[in-house]
Amino acid sequence: LHTAYRRQRQMCIRDRRSNFNCEAHTTIVDDKYVVDVIMDYTFLGGSGTLETSGEYIPVNAPPVAISNKVSFNAWQENGEMVLISNETNELPKKTEAYRLTIPDFYHVRDRGLRFKLTPANASSYFFIYANSPIFYCTKG
């Protein structure tokens, strides 16, 4: 009975990590710009979407509205989440400086991203890369 409970609990935890949505507010600060965005992740089994909206603020220039929608495949491998982008729809289409510093996953098709997904509490997760939290994502 104890073994069956433990398996059921592990399946529940795995299911919660495979089927959820969460939101992260992210700010990237560079000498030449600031990017301030809200990122909405949705994980549905082996696929998902990311919708991003916010502003790109170059130094000494007006803010530029930015957005993106990424569809992706997702799975767990060796204790990490693996995401592979299927489609991206980054706006504006003009290449801005910040795009050179973010992973290709966010703006190029068939690119990957790998991170650990660790529960922070009952309503949020940390996305951890290279042993450092990169996002704090609260469930919606």
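Start by selecting Arg 111 and Asp 104: these two form a salt bridge, with their closest N and O atoms 3.2 Å apart. Keep in mind as you look around that this is a predicted model. Colour the pair by accessibility and you will find Arg 111 partly exposed, with a relative accessible area of 39%. Asp 104 is also partly exposed, at 33% relative accessibility.

**Next stop: Ser 85**

Keep Arg 111 on screen and add Ser 85, a residue of strand S5 (residues 80-88). Is Ser 85 buried or exposed? Its relative accessibility is 0%, so Ser 85 counts as buried, the cut-off being under 20%. Now show what surrounds this serine. Setting aside neighbours within four places in sequence, Ser 85 is in contact with Val 70, Ser 71, Phe 72, Phe 105, Val 108, Arg 109, Asp 110 and Arg 111. The last name on that list takes you back to the salt bridge with Asp 104, where you began.

**Step back: the barrel**

Switch to a cartoon view of the strands. You are looking at a closed barrel of 8 strands, running S1-S2-S3-S4-S5-S6-S7-S8 with antiparallel pairing. From one strand to the next, the twist averages 35°.

For a look at one pairing in detail, select residues 33-44 and 47-58. These are strands S2 and S3, which pair in the antiparallel sense over 12 bridges. Which residue in S3 is the bridge partner of Phe 43? Pick Gly 48, and you have found that partner.

**Across the barrel strands: Arg 114 and Glu 77**

Now select Arg 114 and Glu 77 and show their side chains. They meet in a salt bridge, 2.7 Å from N to O. This pair links distant parts of the chain: Arg 114 sits in strand S6 (residues 112-121) and Glu 77 in strand S4 (residues 64-77), 37 residues apart. Both ends are partly exposed, with Arg 114 at 34% relative accessibility and Glu 77 at 31%.

Add Glu 80 to the selection. Glu 77, Glu 80 and Arg 114 are linked in a network of salt bridges.

**A buried charged pair: Arg 99 and Glu 90**

For another salt bridge, go to Arg 99 and Glu 90, whose closest N and O atoms are 3.0 Å apart. Are these two residues buried or exposed? Arg 99 counts as buried, at 7% relative accessibility, and Glu 90 is buried too, with a relative accessible area of 10%. As a general point, side chains of opposite charge can pair when their charged atoms come close. How many salt bridges are there to look for? The count comes to 6, and the ones on this tour are among them.

**Last stop: the disulfide**

Finish by selecting the cysteines at 22 and 137. A search of the whole structure finds 1 disulfide, and this is where it lies: Cys 22 and Cys 137, with their sulfur atoms 1.9 Å apart. Cys 22 is in strand S1 (residues 19-29) and Cys 137 in strand S8 (residues 132-139), so the bond ties together parts that are 115 residues apart in sequence. Rotate the view to look at the S-S bond: the torsion about it is about 95°, so the disulfide is right-handed. Turn on the surface and both partners prove to be buried, Cys 22 at 2% relative accessibility and Cys 137 at 0%.

Terms used. Residues numbered from 1 in each chain as written. Predicted model: local features only at pLDDT ≥ 70, side-chain atom pairs only at ≥ 80, totals over all residues. Heavy atoms only, no water. Salt bridge = Lys/Arg side-chain N within 4 Å of Asp/Glu carboxyl O. Helix = DSSP H or I, 4+ residues; strand = E, 2+ residues; numbered from the N terminus. Buried < 20%, exposed > 50% of the residue type's maximum accessible area, 1.4 Å probe, protein only. Contact = heavy atoms within 4.5 Å. Pairing = 2+ DSSP bridges. Axes fitted to C-alpha atoms, helices over the stretch in contact; angles between N-to-C directions. Disulfide = S-S within 2.5 Å.
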